[in-house]
Amino acid sequence: EHGGRGGGGEAGSDSHPFPSCCPLPADIISTVEFNHTGELLATGDKGGRVVIFQREPESKNAPHSQGEYDVYSTFQSHEPEFDYLKSLEIEEKINKIKWLPQQNAAHSLLSTNDKTIKLWKITERDKRPEGYNLKDEEGKLKDLSTVTSLQVPVLKPMDLMVEVSPRRIFANGHTYHINSISVNSDCETYMSADDLRINLWHLAITDRSFNIVDIKPANMEDLTEVITASEFHPHHCNLFVYSSSKGSLRLCDMRAAALCDKHSKLFEEPEDPSNRSFFSEIISSVSDVKFSHSGRYMLTRDYLTVKVWDLNMEARPIETYQVHDYLRSKLCSLYENDCIFDKFECAWNGSDSVIMTGAYNNFFRMFDRNTKRDVTLEASRESSKPRAVLKPRRVCVGGKRRRDDISVDSLDFTKKILHTAWHPAENIIAIAATNNLYIFQDKVNSEMH
């Protein structure tokens with residue numbers, strides 16, 4: 001399991017205390033997600049577990065210090081299964097977690113592995129009833145002949161208990177591996193996407209879903225692209241977008257037709273023929289797509305870049321940022337070691353002014369859309385003492401090398417930041433680095449750290 005604590009300082013950090021020299025595969029974090037208020041942070045791992053962190057309230061002694069995140073609850077969400085019809089093992093790995101907007105005192109989240117989506121309810125109990133008439137303190141029925149008087153049961157305080165219970169299990173909806181789930185702004189429905197299909201579910205109905213996108217060809221030999229990610233628009237419950245392995249985005253309107261195979265808008269950047277290579281199609285595959293909080297823009301991540309698209313302009317992105325352009329000359333070796341197929345995620349800050357995505361060597365990148373400044377930071381145990389300020393890192397390609405610069409040839413491609421999340425309102429970010437969860441926060445919001 002991956003415990004963790006928040007940090008402070010200008011870009012403070014802390015990481016969990018478990019040894020990370022040789023992590024077990026089950027401990028590798030596979031998804032990170034803040035809830036709608038940012039008070040809770042959920043992580044899923046390859047072992048099928050979900051760990052929820054809660055932000056501690058600000059202390060009275062230091063009212064200006066932001067609350068740290070501590071483990072709130074840990075539970076086993078998925079178990080390994082076996083599909084006997086296809087003789088396939090179904091991994092327990094949590095692919096995605098999505099929080100539902102809070103309706104009452106309880107919290108709810110959806111978690112999914114490759115095949116099955118589950119709805120979990122998280123509740124707190126800090127009181128227990130005592131003084132039953134017909135039961136003793138252990139809950140056993142009393143001998144009725146011994147009951148001579150009536151008493152009113154009372155609620156007594158007890159240590160806080162966090163109870164997690166499965167509310168619904170949405171199974172048998174997908175033939176292929178689920179890569180994304182997204183809760184609709186109507187708070188009643190959600191969608192799940194696999195390589196070839198997207199399904200729409202009602203949160204209260206588990207035994208059926210509606211297929212809203214199906215790109216499976218009649219003959220699988222004609223297959224040219226797959227769905228890589230999908231997300232609902234944050235404000236319009238009829239709009240959603242899905243990305244493809246060919247680098248395109250399709251915006252669909254559910255009011256137009258029940259089956260959204262005909263998209264409303266196609267966002268695609270024309271390829272520069274001078275940059276054409278054997279790897280062009282692989283590196284143009286979109287690994288993540290996220291609507292901005294305002295709903296006006298979309299953020300996409302492919303292998304080498306992050307792009308910002310305006311919903312009103314389909315021809316090309318309005319902004320393109322190079323994440324690690326120095327890897328362009330290394331694509332051959334990255335193809336041989338399979339790193340070229342890594343799926344990096346991306347995230348917006350609360351005001352849509354800064355974007356973040358991960359890279360190799362435990363680096364992550366931030367791009368300020370207003371000032372056009374960018375920074376490379378490192379999530380590592382060595383550089384992340386509690387409340388320490390993170391130093392920007394630089395990668396050099398040949399030529400003169402400044403002190404503290406890292407040569408592109410000495411980057412560690414086994415250390416990769418694939419999963420990141422940004423607090424919905426504050427400058428607090430969560431970074432998953434293998435089996436470590438890092439939480440960084442920026443006290444001085446005027447500077448981008």
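Reader: Before we look at E39, what do buried, exposed and partly exposed mean here?

Author: Happy to start there, with the note that this model is predicted. Buried means under 20% relative accessible area and exposed means over 50%. Whatever falls in between is called partly exposed.

Reader: Thanks! Is E39 buried, exposed or partly exposed?

Author: The relative accessibility of E39 is 36%. Partly exposed covers the range between 20% and 50%, so E39 counts as partly exposed.

Reader: Which residue forms a salt bridge with E39, and how far apart are the closest N and O atoms?

Author: Let's place the two ends of the pair. E39 sits in the loop between β1 (29-34) and β2 (40-45), while its partner lies in strand β3 (residues 49-55), 16 residues apart. That partner has a relative accessible area of 9%, so it is buried. The residue is R55, and the closest N and O atoms are 4.0 Å apart.

Reader: What is the N to O distance in the salt bridge of R365 and D374?

Author: R365 has a relative accessible area of 9%, so this arginine is buried. D374, at 41%, is partly exposed. Their side chains meet in a salt bridge with an N to O distance of 2.8 Å.

Reader: Which residues do salt bridges with shared partners join into one network?

Author: Some salt bridges share partners, and these build one network. Its members are D27, D45 and R49.

Reader: And how many salt bridges does a search of the whole structure find?

Author: The pairs above, including E39 with R55 and R365 with D374, are a good way in. Searching the whole structure gives a total of 26 salt bridges.

Key
Residues numbered from 1 in each chain as written. Predicted model: local features only at pLDDT ≥ 70, side-chain atom pairs only at ≥ 80, totals over all residues. Heavy atoms only, no water. Helix = DSSP H or I, 4+ residues; strand = E, 2+ residues; numbered from the N terminus. Buried < 20%, exposed > 50% of the residue type's maximum accessible area, 1.4 Å probe, protein only.
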